[in-house]
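Subject: A structure for you to look through

Hello,

I am handing over the structure that we talked about, and below it you will find what came out of going through it. Please keep the view open while you read.

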Amino acid sequence: MSKILAFDFGASSGRAMIAQYTDGKITMKELHRFTNDPVFVNGTLYWDALRLFYNIKQGITKAVNEGGFDMIGIDTWGVDFGLIGEDGQLVQNPVHYRDERSEQPFREFLRRVDLGELYETAGLQHLAINTLYQLIYLKEQKPGLLEATKKILFTPDLYNYFLTGEMHTEYTIASTSEMLDAKSRDWSDKVLALAGIPREKLCDIVQPGTECGLLRDEICEELGAPKAKVMCTAGHDTAAAVAAVPTQEQDFIFISCGTWSLLGTELHEPCINAKGAEYNFANEGGVEGTYRFLKNIMGTWPIQESRRQWIREGREFGFGELEQMAKRCTPFRSLIDVDSPEFGKPGNLPRRIRDFCERTGQPVPQTEGEVIRCIDESLALKFRYSIERLCECTGKEYRTVHILGGGTKSALLCQMTADATGMTVIAGPDEATVLGNIAVQLIAAGELADIREARSVVAASCEPATYLPQEKRMWDEKYKDFKSLVEA
Ligand code: LFR
């Protein structure tokens, strides 16, 4: 039985888990949990990249104390990267996708290229955060940095490199870049040429489950760690989460709900058509050649950011407390389009929400509870809106919504999602990303046959909660108002 060490980095926190597969179940123990705190310096928003590596070392140390491990795998958020120079060191501290740097190059690039052709090739939603636009920014505004770069490594690839000295690019994380050909699952020469990004600065792509290398000697010595295998697991957290959907069904809706809500379905061929392009859906790469046909929805970020604002103002509440306050408020006082751009940037979110409501002639949420209620109801309605559009693209019908990740802890949001969509919601596991990461490593170790088996093992290892739709008439009524608000 392999001992698996899994690191899962989200945009606001990270964790290290030690896991094993025994008696048809994955048992895991959390060894280390830490906050991921981006740092704003001289006008740029950075990841605290070395602090994250420090936390990887902390996790390894704790795993050594727990009796060691055989394999390590790391999954993280998508699109971001580190630049590695000729000397093997970082050329610059990695920048956060919420930094504004790529917005102008994004708009200009979309004006000058044939959008239909770009979508036909990459099959991705055009978002300013995508790697493609961050690299175009570097090429145009910081050419020196790109010239000094030997290899561009996505976040999980970067930490795999720090651990092993080996450079690889794992497929699922690369598929968030908008630089792949969705069908061939390889770099698109066409997109790279359009953007002027030299192919030789990118590594060859490996599929999830490939061994990256062995833990470097110096790390083994420093931490007393075994010479373990470092695996390219499903490096993209969303790919990992979807690998852990506890179902044997073919067609389901998932919402991987954390800082973002990634809403989509799993396909075996990319779905690239005019509707998908119009509605800006992505075909991201998954494990075993699957695709995640999905959309980024703002997720719990506005809640997290509102909470941070209240802390800055001297009022600290836990997420559970905020949910209770929201529960006690009058339903449907005011709604927002959670994906309106002003809600995606760090800052005073409650004020921006109030401004939105005032601008659109709605009652302005005053209390913390009212703000949270407004976000939760708006999120649930946006889920319904996106599912309707998804069905138009795939031409399929779905019965179940699987909510995965931290968002499953909000019973209020799960129930609202069932109410708004009129579908059965199955919520759990909350640690889907790390379970998917572990499952891919167990498949590589030969202990699980494939994702199908992994999903049944995940189902046996967790107890998801079921939410049935209620109050359909009221939600249908409110959905009409919401739709006009979003489409206005
Ligand atoms: C979720 C996620 C999304 C990606 C966003 C930014 O954590 O990985 O899938 O679009 O973060 O990287």
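**What was found**

Strand 19 and strand 20 (residues 424-427) run parallel and are joined by four bridges, where helices (H or I, at least four residues) and strands (E, at least two) are DSSP runs numbered from the N terminus, and two strands pair if DSSP finds at least two bridges between them. Before going on, please keep in mind that this is a predicted model, in which local features need pLDDT of at least 70 and side-chain atom pairs count only at pLDDT 80 or more, while totals for chains, interfaces and linings use all residues. Residues are numbered from 1 along each chain as its sequence is written.

To stay with strand 19, Thr400 stands opposite Thr424 in strand 20. Strand 15 (residues 253-257) also pairs with strand 19, in the parallel sense and over four bridges, and there His402 of strand 19 is the bridge partner of Phe254. Four of the five residues of strand 19 (residues 400-404) are buried, so this strand is largely enclosed by the rest of the structure; a residue is called buried if 20 or more other C-beta atoms lie within 10 Å of its own, exposed if 12 or fewer, and partly exposed in between, with C-beta atoms placed from the backbone.

Strand 15 leads on to strand 16, since the two are joined by a hairpin through three residues and pair in the antiparallel sense over five bridges. The bridge partner of Ile255 in strand 16 is Leu263, and Leu263 also stands opposite Lys295 in strand 18. Strand 16 and strand 18 (residues 291-297) run antiparallel and are joined by seven bridges. Six of the seven residues of strand 16 (residues 261-267) are buried, so it too is largely enclosed by the rest of the structure.

Thr417, which is found in helix 16 (residues 411-421), is worth finding in the view. Is Thr417 buried or exposed? Thr417 is buried, with 30 other C-beta atoms within 10 Å. Leaving aside neighbours within four places in sequence, Thr417 is in contact with Ala380, Phe383, Val401, Ile403 and Val425, where contact requires that the C-beta atoms of two residues, placed from the backbone, lie within 7 Å. Thr417 and Leu381 are 36 residues apart in sequence, and from C-alpha to C-alpha they are 7.5 Å apart in space.

The protein chain is divided into domain 1 (4-235) and domain 2 (238-299 + 381-472), with bounds that come from an automatic or database domain assignment. The C-alpha centres of the two domains lie 22 Å apart, and the contact takes 38 residues from domain 1 and 37 residues from domain 2. On the side of domain 1 that touches domain 2, strand 2 gives the most, with four residues. By class, that side has 17 nonpolar, 14 polar and seven charged residues, where Ala, Val, Leu, Ile, Met, Phe, Trp, Tyr, Cys and Pro count as nonpolar, Asp, Glu, Lys and Arg as charged, and the others, Gly among them, as polar.

Where does the ligand lie? Domain 1 and domain 2 both give residues to the shell around the ligand, so it lies between them. Of the 16 residues around the ligand, Trp77, Gly78, Val79, Thr238 and Trp260 come nearest, and a residue counts as near if its C-beta atom, placed from the backbone, lies within 6 Å. The shell divides into seven nonpolar, eight polar and one charged residue.

There is also an open sheet of six strands, with the order 3-2-1-6-14-13 and mixed pairing. Strand 3 (25-35) and strand 13 (210-214) stand at the edges with a single partner strand each, so one side of each is left without a neighbour in the sheet. Strand 1 (residues 4-9) and strand 2 (residues 13-22) pair in the antiparallel sense over six bridges, and Ala6 stands opposite Met17 in strand 2.

Finally, eight of the eleven residues of helix 4 (residues 131-141) are buried, so this helix is largely enclosed by the rest of the structure. Its buried residues, among them Tyr133 and Leu138, pack against strand 7 (81-85), helix 2 (103-112), helix 5 (143-147) and helix 8 (189-195).

Best wishes
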